[in-house]
Amino acid sequence: MQHLLDFVEEGFTVEKRRMRMCERLLECVARGILSSSKVDHQFLLVLFYGIMDDLNAAILEREAKLEAFKDGLGISTRATLAENEGDDQEQRDFLVLEVKAGFALTVLWKLIKGGSLGEGLSKEDYLKLLDPWTGLLAPVLRSRKASLVVLALKCLNRLYMLPLGTNGELAPKAAQEALTILRRNPKLSDPAAQECLQLLPILLKHYERYSPTQTQLNFLIRLVSPDIEKTENQNGLFSFLKAVISRGIVLPSVYDLMDKVSAVVLSSGSDSTRRTAGQVFLMYLLDYPMNDNRRKHHLEFVVKNSDFAHEAGR
């Protein structure tokens, strides 16, 4: 495997056609790895760890150079700074690292998702094998290559569902990186934004050390409110609301948003959306702090629509 990666690196150039050829070669290798039962997964993780560690070091080095350049010339836009990122060899080395990292993260994500990574290992050994990866993947979220960010988020969404020893300590950092991504690109149709909206509820629900500020939560609520009726984004949206309610975080904006959720229970044309919205709304009624007048208003809404003409809206 190392010889193959060395071969890719030796033949790599910044020419787009050659870059794509290298990516396709590694895509074929990834499919071969995932379809084989003879691959040593622990060896792969060691190899991939080295690739990702090299990428993180390169990202930090480039960020330091860009900051120094910005401070010296008073330039603040990343697009302008990108034009001054070093010589051709440095650019080539960084690009080939990104290609190898994309290969490593693709295989890692599929192995974690498919469960084959833990075959033949005790649960304790499996968790030890994955424990270093939470910290290793967080810096990748600062990459400017969107596909790497999405793959890293997919892996983190799985890793933070496991009882890994370093997860609690690193959860606030991962959340901060996710919020930065959402502020930079607030379109919820973006794959990275959708992955962030899956990660943040996991952190909010399972890790007490992650305590978002009211400003951060209000930003997230403003972000999700316009999309509350869009089916393609609702898994993340409703998971986020469930996490906020379960933590008992009291915000005026939550009450306003739940009025919209109650309307979705009635008006959505999707059975699954109405069902999920109804679960969130019931959780809100039972667990979320509210005064008697507000609770009465919600219950009257439920009673009023219990005899709705169409069965789906009852």
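This dialogue goes through a predicted model of a protein chain, from its overall make-up to one helix pair.

Student: How many helices and strands does the protein chain have?

Tutor: The predicted model has 14 helices and 0 strands. Read along the sequence, the pattern is therefore α throughout, written α-α-α-α-α-α-α-α-α-α-α-α-α-α.

Student: What share of the residues counts as buried?

Tutor: Of 314 residues in the protein chain, 44% are buried. The accessible surface is about 16600 Å², and carbon and sulfur atoms account for 52% of that area.

Student: Among contacts between residues at least 6 apart in sequence, what percentage joins residues at least 24 apart?

Tutor: In this protein chain the figure is 70%.

Student: What describes two packed helices?

Tutor: The angle between the axes and the distance between the axes describe such a pair. Take H11, residues 234–247, and H12, residues 252–267: their axes come within 12 Å and cross at roughly 135°.

Student: Why are H11 and H12 called oblique to each other?

Tutor: Angles over 145 degrees count as roughly antiparallel and 65 to 115 as roughly perpendicular. The crossing angle of roughly 135° falls in neither range, so H11 and H12 are oblique to each other. Their crossing is left-handed.

Student: Which residues of H11 and H12 meet?

Tutor: On the H11 side they are Phe238, Leu241, Val244 and Ile245; on the H12 side, Val254, Leu257, Met258 and Val261. By class, the residues of this contact are 8 nonpolar, with no polar and no charged ones.

Notes: Residues numbered from 1 in each chain as written. Predicted model: local features only at pLDDT ≥ 70, side-chain atom pairs only at ≥ 80, totals over all residues. Heavy atoms only, no water. Helix = DSSP H or I, 4+ residues; strand = E, 2+ residues; numbered from the N terminus. Buried < 20%, exposed > 50% of the residue type's maximum accessible area, 1.4 Å probe, protein only. Contact = heavy atoms within 4.5 Å. Areas by Shrake-Rupley, 256 points an atom, 1.4 Å probe, with all protein chains shown as cover. Axes fitted to C-alpha atoms, helices over the stretch in contact; angles between N-to-C directions. Parallel < 35°, antiparallel > 145°, perpendicular 65-115°, else oblique. Left-handed = near helix turned anticlockwise from the far one by under 90°. Nonpolar A, V, L, I, M, F, W, Y, C, P; charged D, E, K, R; others polar.
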